[in-house]
Amino acid sequence: MLDTFLGDLGHLMTIIAFVSSLITAYAYFKTYQANEIEKQSWIKFSRISFAIHGIATVLIAGSLFTIIYNHRFEYFYAYSHSSKALPVHYMISSFWEGQEGAFILWMFWNVILGAFLIRINKVWEAPVMIVFALVQAFLVSMILGVVIGDLKIGSSPFILLRDATQAPIFQVNPDFVPEDGTGLNPLLQNIWMVIHPPTLFLGYASTLVPFAFLMAGLATGKYSEWIRPALPWAIFSAMILGMGIIMGAYWAYVTLNFGGYWNWDPVENAVYVPWLVLVASIHTMITFKKSATALKTSIVLVIMSFVLVLYATFLVRSGVLGDASVHSFTDLGLSGQLLIYMLFFLGVAVFLSIRAWKHIPSSEREASVYSREFWIFIGATTLGLMAFQVILPTSIPAYNALIESFGGISNMAPPADQVEFYTKFQLWFAIALALLTAVGQFFWWQKMDKSKLKNALITPYVISLLFSAAIIVFAKVFDWKYIILVVAGTFTIVANATILAKLLKKSTFKLAGGSLAHIGLGMILIGIMFSSGYSDIISVNMSGLTYSNSWEDEMNKEHVLLWINKPTQMKDYTVVYRGRHKKVVGVPEYVPARILETTPEVNKMIAKADYGEYFKKGEEVDIVLEENDYFQIDYFQNEVLKFSLSPMSQFNEGMGGLISSPDSKIYLNKDLYTYVAAMNDYSDPEWKDDEIYEVAPGEQFHVADFVTYFDGAEVLEEMDDYVMQEGDIAVKAKLRILDYDIEKVLEPTFIIRNNQVGKLPVIDEELGLKVSLENILPEENKFVFKVNQYQKDYVVMKAIVKPYINVLWIGTIIMLIGFSVAIFRRFDEFKKMRDKGLEV
Amino acid sequence: MKKGHILGLGIIAIAIVIIMTSIGDASSYEDFDTAKEMMLDGEVKAIHVVGELKKDDTGEVVGLNVREDKVSFTFVLVDNNGTEQEVFYNEPVPADFTRSESVVVIGSYKNEEIFVADKILMKCPSKYQETEVQAAGM
């Protein structure tokens, strides 16, 4: 049944949300202008209007999720992003797989943040909420789906499938509802994809808060007072955005076969850049609070971080990246709208800043080299340059689009080796940052001059040199660039740990945010250096083949071909591929696919054999996502099985193709990271020519390369899938085939009914064999077998050792804790001042 | 000169270095003819070539040659000018390679016969078209 109610509700709420956001902006503008008597009624009206907007936004999200949850495939969004086989937690991912859902998520966070601000701010409410409401108006317009003439505003997630596609079926039957959706992109079927997007979008949304305070400050003449309420939010935003980035990196590491956590892909760069600028702005804002300098820099940085988030959204979602990114985002025709959105706020911000510029207090005094302002400023500059170095080449596709829109031709392309290109700059900037954070922290907490600085730094310097020397020797870091990085990283850890120890002794944990975050930074740098710089591909050049061309022989082949059951030596391990497996509900380990048979029903299979105490032959079992194949690979050392890894791959017809996901063995000091890059396709085998064997029971012979025993045959009284009739004779032969340490039993059957011969061949997909019992020759006591070969099952795998990757993950956690401590402290400060009535 | 000025000049200098290397290291979109010229001129920079896989009349991809150990392969790419070129890729065949609409190879000529791709980007049939076909098939 076609049901349009949910879609109509969603669409109506979208329109209400749009209109109410404009009304809210207007009402808050009136509140701001109104005199004391009228103010109360205007503020009440504004809040009601914002509440309506909030409720509408929640209902938009609710309708869309209900559509997905109830499998309403008459809606294009559910049809193209979900399917019946999806478990509930992945339906949540379906919600934001599409861009419309992502915009709804963004709006939702803005509503929550807005509601918070109304509650906790007294003086700032009206001007800040004007900015909020305007941003919301732009965001809602992205999903408005209104067409006026040739102008299309927004892309609605509530359109019906029949309106979205021109499939001929809808001419025959307009009420046609598809049975199932095309499913969720398998890459997103990961628990990190359930929590990564909301985190990232909360990060995106929260950059609005400091920006809104800044705009409010500039417009109302509070040129410096905006910093106090904005600061905790700026730190909050940096923390959440940073967390989002790390989650994304971790997701890439555990689900994508890029071979790592960071690829310098435009989509990754587009979030990294605003984060860097945001962190720089936090530092200048804190400096301003301490010493009334760097206000102008803070203003510029806060504007930049907000606009860069919009620019990132534009780059990623306008389709302008095109060929440049491996992440594909379809162009929904929103690029113009996104551009207007970005330019509007950039324009407003620039206008307000220029108008206010001469009133903004700035210190004429030149900062001394021994002042913290100087060092923080250098640090912020370094962060800015890092951001600049990344955004410049990332924007190459945008320049091309710009030049082409003016009729020009540009054939510029992003750097061919992105990792090398970005690393060569970011490495040195990162070293500079590490050193600056170490020195800067000493300046921060005490007045310094030349001799004092020397005294303060000498101990941490010596300690960190000793530590670095130990790391360099034990972990064999012999590249000079990496040696410098280790020293810089250790230095910042030791120096900041010294400060931290002093702070904890003297005062409270509350002040420890900065030093914790910087310790995290040092660990992150060292972790990245080891896990990326010293990652070791252990599956390299294993085939022993020589190639016809000399140039090809010189190339490193990074993958290894593993035939099923065949032990292959790979560095310290002997690895054996053990065939495909499935994940069965209620069974802790993966179950071999060879004992399961597909049924027409989704995620249901029939057991072909008993499996421990979990299920019996003939039972129906529930599969967790039946498209997923797990390729079990056993790792032996000294003939002892050490562990098994099961990298996954999924064949998803709806999404068109195979997608593979890695599996890693995690040690304390390293990860062994593996994924399958190619595999056997035995869905439609091309059988080779017939091979005929005449064998007597008890005899041993060779089928293909396999040693095979013909143990004998038996006459069957009844058969599993076949109803026997009076006079039928069925004979089953038992062949035992040895493949390395595995023994397989193949039992082809031969049936005689009314002088007609029927043959039931057996196919073993893993061995790539089809065997049938062709004839029985009683006088010679021989059985005739026909064998067709295809090829043995195989996988092509890559295995990489990533040393000390845990240092990176621990470092990020420490950094996030540091951020949290800082948020707590700054918010506490704000609250105390507010409660004293000194909010501005 | 004030310290601030020196600092400013330093920042500008670094920014200029960044801009120059970005332009210098930027790759470019070429076709096979210009790419071959670049190789003959001794330029070793990796470039982008956009093209399609060679197909026979029935739409089947031809010229795909997977090495015996399955860890590398060659294929024939037809660039936008219609020039055919054998391309070597030192990786297993990507999953939906033969289904791709267009292929971007990033690499350079090894010698006059063979183009070696360091990286391949594939553009697969977009989801919208996919949907049409599927809905029509139901």
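**Close-up views of chains A and B**

**View 1. Packing of helices α10 and α14 in chain A.** In this predicted model, M215(A), L218(A) and A219(A) of α10(A) are in contact with V348(A), A349(A), L352(A), S353(A) and A356(A) of α14(A), where a contact requires the C-beta atoms, placed from the backbone, of two residues to lie within 7 Å. By class, this contact of α10(A) with α14(A) comprises seven nonpolar residues, one polar residue and no charged residues; Ala, Val, Leu, Ile, Met, Phe, Trp, Tyr, Cys and Pro are counted as nonpolar, Asp, Glu, Lys and Arg as charged, and the others, Gly among them, as polar. Helix α10 (residues 208-220) of chain A and helix α14 (residues 335-356) of chain A pack at an angle of about 40 degrees, and their axes are 9 Å apart. That angle makes α10(A) oblique to α14(A), a class left over once angles under 35 degrees are taken as roughly parallel, over 145 as roughly antiparallel and 65 to 115 as roughly perpendicular. Axes are lines fitted to C-alpha atoms, for helices over the stretch in contact, and angles run from 0 to 180 degrees between N-to-C directions. The crossing of α10(A) and α14(A) is left-handed, in the sense that the near helix is turned anticlockwise from the far one by less than a right angle.

**Conventions for the views.** Residues are numbered from 1 along each chain as its sequence is written, while chains are lettered from A and ligands numbered from 1 in the order in which they are written. Because the model is predicted, local features need pLDDT of at least 70 and side-chain atom pairs count only at pLDDT 80 or more, whereas totals for chains, interfaces and linings use all residues. Helices (H or I, at least four residues) and strands (E, at least two) are DSSP runs, numbered from the N terminus.

**View 2. Two loop residues of chain A with positive phi.** K571(A), in the loop between β6 (568-570) and β7 (573-582) of chain A, has a phi near 50 degrees, a positive value in a residue other than glycine. Y740(A), in the loop between β21 (729-739) and β22 (742-746) of chain A, has a positive phi of about 50 degrees although it is not a glycine. K571(A) counts as partly exposed because it has 15 C-beta neighbours inside 10 Å, and Y740(A) counts as exposed because it has 12; a residue is buried with 20 or more other C-beta atoms within 10 Å of its own, exposed with 12 or fewer, and partly exposed in between.

**View 3. An open four-stranded sheet in chain A.** The strand order is β18-β27-β26-β25 (chain A), with antiparallel pairing, and two strands pair if DSSP finds at least two bridges between them. The edge strands, β18 (691-695) and β25 (762-764) of chain A, each pair on one side only, and the twist averages 25 degrees from one strand to the next. Five bridges join β18(A) to the antiparallel strand β27 (residues 782-789) of chain A, with V695(A) opposite F783(A).

**View 4. Strand pairing between chains A and B.** Strand β3 (residues 412-413) of chain A pairs with strand β1 (residues 27-30) of chain B in the antiparallel sense over two bridges, and M412(A) stands opposite S28(B). Within chain B, two bridges join β1(B) to strand β2 (residues 47-53), and these strands run parallel; the bridge partner of E30(B) in β2(B) is V49(B).
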